[in-house]
Amino acid sequence: MTVIRVNRDRLWRNLMQLKEIGGYDDAATGLRGVRRLALTDEDAEARRLVVSWMTEAGLTVRVDRIGNVYGERPGEDPTLACVLMGSHIDTVATGGAFDGALGVLGGIEVARSMNEAGIRTRRPVEVGFFTEEEGVRFGTDMLGSAVAAGRLTLGHAHGLTDAGGATVRDELARIGFDGPAPEARPAPHAYIECHIEQGPILASAGVDIGIVTGVQAISWQRLTLAGEAAHAGTTPITARHDAGLAAAEVVVEVRRMCDCGDFGQLRGTVGSLALAPGQTNVIPAAAVLTVDLRNPDDGLMTAAEKHLAEFAAGLAERHGVAATWQRMAKTAAVTFDEGVQAVIAETADALGLGYVRAMSGAGHDAQEIAAIGPAAMIFVAGENGGISHTPREYSNPTACGNGTDVLANAVLRLAGQA
Ligand code: HGY
Ligand code: MN
Ligand code: MN
């Protein structure tokens with residue numbers, strides 16, 4: 001079987017070019033960040049650029065009704081299920097150049113390298129990018145891949161709105177990515193996503209490659225706390241219904257739940273918190289906060305959600321503040337396919353690359369596609385301790401090149417060389 005070596009310089013140039021679509025000067029870090037929220041004009045421009053790279057690589061491009069985009073490289077036997085690579089090109093509002101982009105641009109680089117090596121595969125090979133993986137604009141992460149895999153309906157996804165009331169449906173149409181292809185995609189023979197680890201495991205192990213064993217459970221909820229506005233000076237402490245105080249108690253309780261050990265390896269984050277009316281001399285009448293919980297154990301995740309709901313209900317008694325929860329996203333822990341993991345391991349060994357196995361702390365499209373076909377992931381080491389979802393997110397040409405070489409040769413093994 002041919003050993004593929006991708007063109008690392010071309011991959012890196014593409015990553016740096018894509019990074020500038022939505023690029024901004026981040027005041028907090030003094031670095032260049034990326035703000036490319038799903039279905040914005042920046043996302044649309046990035047989509048058009050990536051589609052042009054797919055087309056230049058000879059891929060047949062299709063867009064489905066939730067805006068997922070796939071480029072297909074034909075195989076000798078078109079009746080066989082494809083080997084699919086993919087990830088996402090939308091970012092969080094203060095993102096970096098690699099989260100998602102590496103798996104998409106790496107997949108295109110694999111196709112180009114197969115072309116240049118004159119490689120024909122038995123199975124078709126596809127590379128795709130999924131809509132709104134980050135969930136930061138429309139409130140549900142892995143949106144496009146969840147629809148592709150049938151966990152969420154197209155109607156539900158189309159109806160989601162952003163803070164300004166714009167719907168997914170209207171935004172897809174506005175940017176011209178409300179494609180005709182059916183969103184329920186054909187099951188792949190295998191799916192491999194190459195992604196930066198976004199954490200410290202690979203860096204501390206001193207390896208470039210991770211073989212991902214699975215993804216932990218994710219719970220996103222929005223909590224609204226309703227108290228009563230009153231004068232900050234004249235209102236006695238015992239007469240207050242302070243939504244700000246109640247919100248602060250929730251934030252502290254989320255961290256206590258993580259530290260106490262009762263909920264296993266729980267990780268909890270209150271990432272956004274808004275107080276209203278937000279004036280110095282007015283006791284907050286309302287607080288709206290988001291709670292992001294992660295846990296490798298589904299049972300302990302459920303226990304954590306239940307405990308937090310009971311804690312929030314107690315705020316009524318303690319502060320006269322009513323709690324209302326809204327579900328944003330919920331995914332169970334997922335274990336990746338052993339067979340695909342084994343192919344990735346064989347490939348890394350054959351390329352002489354060291355690796356560790358790790359569960360993913362972050363959510364990924366792979367966890368959705370795992371519902372319709374054997375899926376696994378390749379992690380690529382990041383620098384700065386693997387930090388991510390910040391402009392400090394950084395990997396390097398060698399790690400990205402090694403990860404994409406593993407992707408290319410694992411895909412060739414799975415697709416079969418003709
Ligand atoms: O939130 C996550 O884990 C992913 O970055 N969407
Ligand atoms: Mn990602
Ligand atoms: Mn991300």
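By contact I mean heavy atoms within 4.5 Å, and in that sense 13 residues of domain 1 touch nine residues of domain 2. Please keep in mind throughout that this is a predicted model.

Let me stay with the two domains for a moment. The assignment places residues 8–214 together with 334–415 in domain 1, and residues 217–331 in domain 2, and the centres of the two, taken over C-alpha atoms, are separated by 33 Å. Between them they bury about 710 Å², with 53% of that area on carbon and sulfur atoms. On the side of domain 1, Gly-139, Asp-141 and Gly-361 supply 47% of the area buried against domain 2, which is more than any other three residues give. As for polar interactions, three residue pairs are in polar contact between the domains, both partners being at pLDDT 80 or more, while the rule finds zero salt bridges across this interface.

Now to the metal site. The manganese ion, ligand 3, has as its protein donors Asp-99 through OD, Glu-134 through OE twice, and His-389 through NE2, at 2.1 to 2.7 Å, and along the chain these donors follow the spacing D-x34-E-x254-H. A second manganese ion, ligand 2, lies 3.5 Å from ligand 3, and Asp-99 coordinates both. Asp-99 sits in the loop between strand 5 (83–87) and helix 3 (101–116), and His-389 in the loop between strand 16 (375–380) and helix 12 (397–415), so this pair ties together parts that are 290 residues apart in sequence. With the cut-off for buried at under 20% relative accessible area, Asp-99 counts as buried because its value is 6%, whereas His-389, at 38%, is partly exposed.

Technical notes: Residues numbered from 1 in each chain as written. Chains lettered and ligands numbered in written order. Predicted model: local features only at pLDDT ≥ 70, side-chain atom pairs only at ≥ 80, totals over all residues. Heavy atoms only, no water. Donors = N, O, S within 2.8 Å, 3.2 Å for Na, K, Ca; no water. Helix = DSSP H or I, 4+ residues; strand = E, 2+ residues; numbered from the N terminus. Buried < 20%, exposed > 50% of the residue type's maximum accessible area, 1.4 Å probe, protein only. Domains from an automatic or database assignment. Buried area = accessible area lost by both parts, 1.4 Å probe. Salt bridge = Lys/Arg side-chain N within 4 Å of Asp/Glu carboxyl O. Polar contact = N/O pair within 3.5 Å; in protein donor to acceptor, adjacent residues only side chain to side chain.
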